[in-house]
Amino acid sequence: MNVYGLVGNPVGHSLSPPMHEAAYDALDIDARYVTFEPAVDDIERAVDGADALGVSGLNVTIPFKQDVLGLVDPDPLAERIGAVNTVDFSGERPRGYNTDAAGVTRSFAHHDVTLDGRDAVVVGAGGAGRAVAFALADAGCRVHVANRTVEKAADLAAALDDASAGGLDTLDRVREADVLVNATSVGMESEESPVPREHLHGDLAVLDAVYSPIETRLLREACEAGATTVDGAWMLLYQGVEAFERWTGRDAPVEVMNEALRARLS
């Protein structure tokens with residue numbers, strides 16, 4: 001039996017176990033997906049221990065994504081983003097990836113949204129914002145990063161090609177944008193939106209990384225404006241799909257994983 005899992009602190013809320021377990025059952029893979037919650041200062045021991053015990057792969061979540069970067073051999077994208085959320089132990093050295101970026105691009109592709117040559121606004125320059133911004137830039141978007149702390153947005157934009165940055169007072173750029181991603185926690189379990197309603201329009205594709213609730217105020221108002229909307233569960237799904245495919249070398253049963261995920265969110 002292969003063992004995969006999630007390391008984070010806390011991890012009790014995670015929706016990854018039912019999603020991955022459903023995939024194993026669907027493809028008749030002899031595997032289990034478990035959660036690990038080491039102390040915040042014990043992540044190095046946790047990764048070494050997982051490797052020594054023969055764990056096949058780990059997903060990594062808050063607060064360990066940056067710490068794990070220095071404990072594995074990261075691929076070029078994870079190194080550029082500065083965070084690892086997936087570890088593969090199948091080689092001589094643990095290999096680190098960031099599948100959050102694929103979660104973004106595959107979510108838009110699922111909704112038939114073209115990214116190449118488009119103007120995109122990313123709200124937030126934290127860990128999620130970095131993955132989103134690199135994903136969109138690598139897909140050919142001209143990215144503008146809007147963040148409460150302008151310096152953090154500027155640092156992120158400087159690491160991208162053809163990107164710009166500003167404070168939240170630059171969100172009016174959404175009016176002329178093709179793509180909008182909320183990579184902050186604004187709207188999580190609340191009726192707030194990170195973007196004023198008047199900036200939204202019908203030619204926009206909007207992805208909200210928040211998945212609780214599934215329909216955030218931002219997505220509701222974007223839908224009312226005629227925009228294409230992509231809820232955060234798609235990004236969660238496709239980052240998991242990407243991890244599954246890296247670990248197993250098999251095509252993921254996307255519909256099965258999606259059903260298992262949304263059953264827990266309903």
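This is a short selection-by-selection tour of a predicted model.

**Stop 1: the mixed sheet**

Start with strand 2 (31-36) and strand 4 (73-74). These are the edge strands of an open sheet, and each pairs on one side only. The sheet has 6 strands, in the order 2-1-3-5-6-4, and its pairing is mixed. Now zoom in on strand 4 and strand 6. They pair in the parallel sense, over 2 bridges. Select Pro-74 and Gly-96: Gly-96, in strand 6, is the bridge partner of Pro-74.

Next, show helix 9 (residues 232-248). Helix 9 lies across strand 1 (2-7), strand 2, strand 3 (57-60), strand 5 and strand 6. Look along strand 5: helix 9 runs at about 5° to it.

**Stop 2: Phe-89**

Stay with strand 5 (86-88) and follow the chain towards strand 6 (95-97). Phe-89 lies in the loop between them. Is Phe-89 buried or exposed? Its relative accessibility is 8%, so it counts as buried, the cut-off being under 20%. Select its surroundings. Beyond residues up to four places away in sequence, Phe-89 touches Val-47, Ala-50, Asp-51, Val-55, Ser-56, Gly-57, Leu-58 and Pro-94. For a sense of scale, add Thr-149. It is 60 residues from Phe-89 in sequence, and the C-alpha atoms are 37 Å apart in space.

**Stop 3: the nonpolar cores**

Select Phe-108, Leu-136 and Val-143. They have the most contacts inside the largest nonpolar core, which has 52 residues. Which helix gives the most to this core? Helix 9 does, with 10 residues.

Centre on Leu-136. Leaving out residues up to four places away in sequence, Leu-136 touches Val-104, Phe-108, Leu-115, Ala-120, Val-122, Cys-141, Val-143 and Val-181. Then switch to Val-123, Ala-177, Leu-180 and Leu-200. They are included in a second, separate core of 15 residues.

**Stop 4: the parallel sheet**

Keep Leu-180 selected and add Val-206. Val-206, in strand 11, is the bridge partner of Leu-180. Strand 10 (residues 179-182) and strand 11 (residues 205-208) pair in the parallel sense over 4 bridges.

Widen the selection to the whole open sheet. Its 6 strands run in the order 9-8-7-10-11-12, with parallel pairing. Strand 9 (163-166) and strand 12 (228-230) are the edge strands, each pairing on one side only. On average, neighbouring strands of this sheet are turned by 15° against each other, direction ignored. Now add helix 5 (residues 100-110). It packs on the sheet and touches strand 10, strand 11 and strand 12. The direction of helix 5 makes about 135° with that of strand 11.

**Stop 5: Thr-229**

Go to strand 12 and pick Thr-229. Its relative accessible area is 27%, so Thr-229 is partly exposed. Show its contacts: not counting residues up to four places away in sequence, Thr-229 touches His-111, Val-206, Leu-219, Ala-222 and Cys-223. Add Asp-208, which is 21 residues from Thr-229 along the chain. Their C-alpha atoms are separated by 8.2 Å.

**Stop 6: the largest pocket**

Finish with Thr-61, Ile-62, Lys-65, Ala-128 and Tyr-211. Of the 37 residues lining the largest pocket, these lie nearest its centre. The volume of this pocket is about 1,100 Å³. Which elements give two or more residues to the lining? They are strand 3, helix 3 (65-69), helix 6 (127-138) and helix 9. Helix 9 gives the most, with 4 residues.

Terms used: Residues are numbered from 1 along each chain as its sequence is written. This is a predicted model: local features need pLDDT of at least 70, side-chain atom pairs count only at pLDDT 80 or more; totals for chains, interfaces and linings use all residues. Side-chain values use heavy atoms; hydrogens and water are left out. Buried means under 20% relative accessible area, exposed over 50%, partly exposed in between (1.4 Å probe, protein chains only). Contact means heavy atoms within 4.5 Å. A nonpolar core is a set of buried Ala, Val, Leu, Ile, Met, Phe, Trp, Tyr and Cys residues joined through side-chain atoms within 4.5 Å. Two strands pair if DSSP finds at least two bridges between them. Axes are lines fitted to C-alpha atoms, for helices over the stretch in contact, and angles run from 0 to 180 degrees between N-to-C directions. On a 1 Å grid over the protein atoms alone, a cavity is a set of points where a 1.4 Å probe fits but cannot get out, and a pocket is an open set with protein on both sides within 12 Å along at least five of seven lines; lining residues have an atom within 4 Å of a point. Grid points are joined across faces, edges and corners, and a volume is the space filled by probe spheres set on the points.
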